[in-house]
Structure formats: structure tokens, C-alpha cells
Amino acid sequence: MECQASGNPKTGQATAQCGVRVGDDLANARAGVFASTPGAGGPVTKGVYGAVNANGHALSLQHGHIEGVGGTTTAAAQANLFKSNNAALNATAFHSHSRSHDQFGGGLNLETGTGHQAAVGVTRVPQFGMTAVQASGTANLYTSPSGNLNLNATGSANHHLRGPLRGKSDFGTGVNLRYNF
């Protein structure tokens, strides 16, 4: 059984999940339960998930429910297009359905053996006539010789092509420091 929890004491954001995994790193199946909240006093999303993975390809299904609001079901897939000791390129696709709208999209992500990552994608919400493109990246600035300490810089951009936010863009940057005990 695998269980993990994380939270932010400043905002009250918290997540927890527990599940089982069978198989090895090349082929496995997972299933479990989760709960999350976006912040202090925010609604709690509770749900279930399941996934199968084989040789870099994956299928997953997740259902989350917020009391008094409703549920969302998401199906996702990933196909490994290229993999070497130095890099991996994957194609992704998803479809989410709630009682008010559908959302679907896809993209490409690249990860290098040195910890750098880049991703591009597109998301569509037909009920709102919205289409947006996203790009993000992570640059590994430092990894300790033991691998326990990592320092990364991140960046992201989102541009709305259609819909109520047409022509609007959002940008983000960050620095992440992680230590594995």
C-alpha cells in the first residue's frame, strides 16, 4: 500500500491519497482513494482513481466529488514516442466531464536525464467556446551528489485563443527546492 499526504500551512491547501500497486516499474496497475482541498474553509474533493502502465504507455480513470457541487470524471492516456538514456518524449490526451461542461486536450512533454522538462499542450472547453494553449518548462539548476537535494527553476505560459478570455495570456515563474529524507 502506498500513502502520501502534503499540505501548505499558510493557505490550508492539502491532499492525501492511499492506494495499492501491483507489478514492477515496467508494467503495473494502481488503484486507490484521494481527498484534497484548495485551502482553509474550501470544499473537499473526495474520489477514486485507477491506472495501468506498461513500457511508458498509460491509461487512467479518476472520479472526484465535491459535496453539494457535483463530480468530475477524467480519462487520460499517455503514449511514449521516444525513450533513451538521455531523454523521453511522450504524447498525452485527456477528457474530463462534469455536469456543467466537458474539457479535453492533449500535448507533448519532453524530459531529459538531467532533470530538465518541457511541455506544450492545448485545452478545449466547447460549452464556453474556449481554447487555450499552454507551455511550461523546468530547468534543473543543482542536484546533490546523493540525489537527495534538488534545486529547479520553473516557468509557464498560457494563452487563450478563443472564448471569453480571447487574447489574454498568463505567465508564471518559480524556484523549487526539494530534499528527500
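**A friendly note on a twelve-stranded sheet**

1. Start with the main feature: twelve strands form an open sheet with antiparallel pairing, in the order S1-S2-S3-S4-S5-S6-S7-S8-S9-S10-S11-S12. At its edges are strand S1 (2-7) and strand S12 (169-179), each of which pairs on one side only. Direction ignored, neighbouring strands of this sheet are turned by 15° against each other on average. Please keep in mind that this is a predicted model.

2. Now look at the chain as a whole. It has twelve strands and zero helices, so reading along the sequence gives the pattern β-β-β-β-β-β-β-β-β-β-β-β. As background, strands of a sheet pair through backbone hydrogen bonds, either parallel or antiparallel.

3. For one pair to trace by eye, try strand S6 (residues 70-83) and strand S7 (residues 87-98). They pair in the antiparallel sense over eleven bridges. Which residue in S7 is the bridge partner of Ala76? Look for Phe94, which is that partner in S7.

4. Next come the overall dimensions. The C-alpha trace spans about 50 × 40 × 35 Å along its principal axes. The accessible surface of the chain is about 11,700 Å², and carbon and sulfur atoms account for 60% of that surface.

5. How much of the chain is buried? Of its 181 residues, 18% are buried, that is, under 20% relative accessible area. As for contacts between residues at least 6 apart in sequence, 24% of them join residues at least 24 apart.

6. Finally, consider charge. The chain carries 11 positive and 7 negative side chains. The centres of these two sets lie 10 Å apart.

Note on methods:
Residues are numbered from 1 along each chain as its sequence is written. This is a predicted model: local features need pLDDT of at least 70, side-chain atom pairs count only at pLDDT 80 or more; totals for chains, interfaces and linings use all residues. Side-chain values use heavy atoms; hydrogens and water are left out. Helices (H or I, at least four residues) and strands (E, at least two) are DSSP runs, numbered from the N terminus. Buried means under 20% relative accessible area, exposed over 50%, partly exposed in between (1.4 Å probe, protein chains only). Contact means heavy atoms within 4.5 Å. Accessible areas come from the Shrake-Rupley method with a 1.4 Å probe; for residues, only the protein chains shown count as cover. Lys and Arg count as positive and Asp and Glu as negative; His and the chain ends are not counted. The place of a charge is taken as NZ of Lys, CZ of Arg, CG of Asp or CD of Glu. Two strands pair if DSSP finds at least two bridges between them. Axes are lines fitted to C-alpha atoms, for helices over the stretch in contact, and angles run from 0 to 180 degrees between N-to-C directions.
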